[in-house]
Amino acid sequence: MSLKRVAPDIRQEIHLTDAEDRLCALLDEFTRHLAKEQDIRTTCRISGGWVRDKLLGQDSNDVDICLSDMMGVPFVEQFVAYLSENKHIPVNKVAKIESNPDQSKHLETARTTLFDIELDFVNLRSEEYAENCRIPTEVKFGTPLEDALRRDITINSLFYNVHTRSVEDFTEKGLHDLRNGVVRTPLPPLQTFRDDPLRVIRCVRFASRFGFEMTPELRKAAQDDSIQEALISKISRERIGEELDKMMKSVQPLRAVQLINELSLYHCIFRVPDNILAMASATPSSQETSVIACTVLDNILSTGSPSTSQSVVTVHPTLLSHVSRDPGTKARLFLAASFFPFYGITYKDRKQREHYLVEAVIREGLKLGNKNYYLDAIPALYAAASELIDGLSLNQDRFRDPSGTRLFLRNPKIHKSHSGTHWTSSLLFSLVCELTRLGGLSNGEFAVKECVERYNAFTTRIGELGLGDIVDAKPLLDGNDVTRLAESKPGPWTKIVLDKVFEWQLEHPEGDKAACASWLKEECSSGRIDVQALIESTSGSKRTQAGEGGNSKRTKRQTQP
């Protein structure tokens, strides 16, 4: 496919900010001081992403400094003392980051902040690996070339020499690949990937972020069975989840998902523990559906600036409103779309509570937790899609009355703003799911148009009823008010009455708490709201089912003799 390069033209030289210029000058001055006063000679080079981004014309506040023949901690401790005693420049406290091979920290790092720039200091190094282990068997002082060759890709192997103020390309490929949009490993890709299989996923991230192309050799190595097995067995799920999170928050998440599928990496990344998969209600569908779903989503979000060859689907602007207001929403939607092979599949935990399988992927397969509300919001998006499994249409009985539409929007499966879900993004994702189930945007123009028009009409109706902002309205009465006015103990029935209270509130926008309380007391007294009947009909429906949000421990205590 033809890609639009995200990266701008490569600069001929690096332009420093005032703070960066002062930093480089002080580092150069201090190294000359070390040579003169202590006969310690070292060279400071800024490495990796900062150099790459500066050449691309992008600012970076994260600076990694590599030292020749000197460890980071003693250098920084003396540097900070020098600045304090001789320059009267305050520097943040030095933090020592211990080596942690499991997190790819093979040497200790010294960390501090100067001029609001975050600095990490470490020595140049070379590494040797055993055949079946990604943790180095030996880490030692290295030359700039040895350090560059151990990097993941050539565009990340560039150095900026703070003394000569020049870019150094020891692999002799980094600048070429940056100019030509190429993702290449400094060493043969199989060797680079065997040293650390996570580099396969990092290649996907950088290729998708910048719109660069991988070399054929790299693509072949990424699909090697032994590399993929090592990625599954030797790399922590947290590290994989962190890389995927960065892809979803980048400018081209669709391209990331496309590359994952092209390289047959889906099963390596989106994993479900075998014990949970064995309890799944169905077998996941083809991984290609993740590309279809993400393509549909990308097309919808690209209104006005199409990124695909297909015609852009034009949805009601309101459905896109939360995406523009909340930066995290786009990442959640794309990650949810990438999970489409697990659409509609559930499993039961040890307590027989039902969960969507995507929850297991987020929690166990990627160890993302609730970063960016992933764990709360994405299962909720799938719950909303299931709620609309038969489509969304104003002709459905539940929407014939405005009160039904109001309650639909207040459904926590549809809208729960403090957990990262908004009714607009829920409807948007449901539309994506419905179009994906149709086979995508190229499978029947009439069906696609009819589907989009139904969602647009529904959204228009919400606007006409003035319900767009009512979803976050604070209820006039809470559960304690309801139980007091109904003169009954709390229970599952309370929610039913609270729904009726909110219906009254929506129908009486000028009403206050006193008026609402008076109405509820009259409804209960007259029997129009039969609390006793509600208690009997809901008995045992919640307090004995933890999955419904009740307190099963309280029920157990109450029923014990």
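**Exercise 1: Following the strands**

Work out how many bridges join strand β3 (residues 95-97) to strand β4 (residues 109-114), and which way the two strands run. Then trace the bridge partners of alanine 110 on either side.

*Solution.* This is a predicted model, so keep that in mind throughout.
- Step 1: β3 and β4 run antiparallel and are joined by three bridges.
- Step 2: Look for lysine 96; its bridge partner in β4 is alanine 110.
- Step 3: Move on to β5 (residues 117-123), which runs antiparallel to β4, with five bridges between them.
- Step 4: Alanine 110 has its bridge partner in β5 too, namely phenylalanine 121.
- Step 5: Now check the hairpin of β4 and β5: two residues sit between the strands, and phenylalanine 115 takes a positive phi near 55°.

**Exercise 2: Sorting ring pairs**

Classify the ring pair of phenylalanine 75 and phenylalanine 79, then do likewise for phenylalanine 399 and phenylalanine 408.

*Solution.*
- Step 1: There are 20 aromatic pairs in the structure. For phenylalanine 75 and phenylalanine 79, the centres are 6.0 Å apart with 25° between the planes, and the pair is stacked.
- Step 2: Place these two rings: both belong to helix α3 (residues 72-87), four residues apart, or about one turn of the helix. Phenylalanine 75 and phenylalanine 79 are both buried.
- Step 3: Turn to phenylalanine 399 and phenylalanine 408. Their planes meet at 80° with centres 5.0 Å apart, so this pair is edge-to-face; the cut-off is over 60 degrees. Both of these residues, phenylalanine 399 and phenylalanine 408, are buried as well.
- Step 4: Follow the ring pairs outward from Phe75 and Phe79, and you get a cluster that also takes in Phe30, Tyr82 and Phe121. Phe121 should ring a bell: phenylalanine 121 is the β5 bridge partner of alanine 110.

**Exercise 3: Arginines over rings**

Find which rings lie under arginine 205 and arginine 410.

*Solution.*
- Step 1: Arginine 205 lies over the face of phenylalanine 206, at 4.6 Å from the ring centre.
- Step 2: For arginine 410, the ring is that of phenylalanine 502, with the charged end 3.7 Å from its centre.

**Exercise 4: The setting of valine 200**

Decide whether valine 200 is buried or exposed, and list its contacts beyond four places in sequence.

*Solution.*
- Step 1: Valine 200 sits in helix α7 (residues 198-210).
- Step 2: Its relative accessible area is 1%, so valine 200 is buried; the cut-off is under 20%.
- Step 3: Setting aside neighbours within four places in sequence, valine 200 contacts Phe193, Ala222, Ile227 and Leu265.
- Step 4: For leucine 190, ten residues away along the chain, the C-alpha separation from valine 200 is 9.9 Å.

Definitions and conventions
Residues numbered from 1 in each chain as written. Predicted model: local features only at pLDDT ≥ 70, side-chain atom pairs only at ≥ 80, totals over all residues. Heavy atoms only, no water. Phe/Tyr/Trp six-rings, centres within 6.5 Å; stacked < 30°, edge-to-face > 60°. Buried < 20%, exposed > 50% of the residue type's maximum accessible area, 1.4 Å probe, protein only. Lys NZ or Arg CZ within 6 Å of the ring centre and 35° of its normal. Contact = heavy atoms within 4.5 Å. Pairing = 2+ DSSP bridges.
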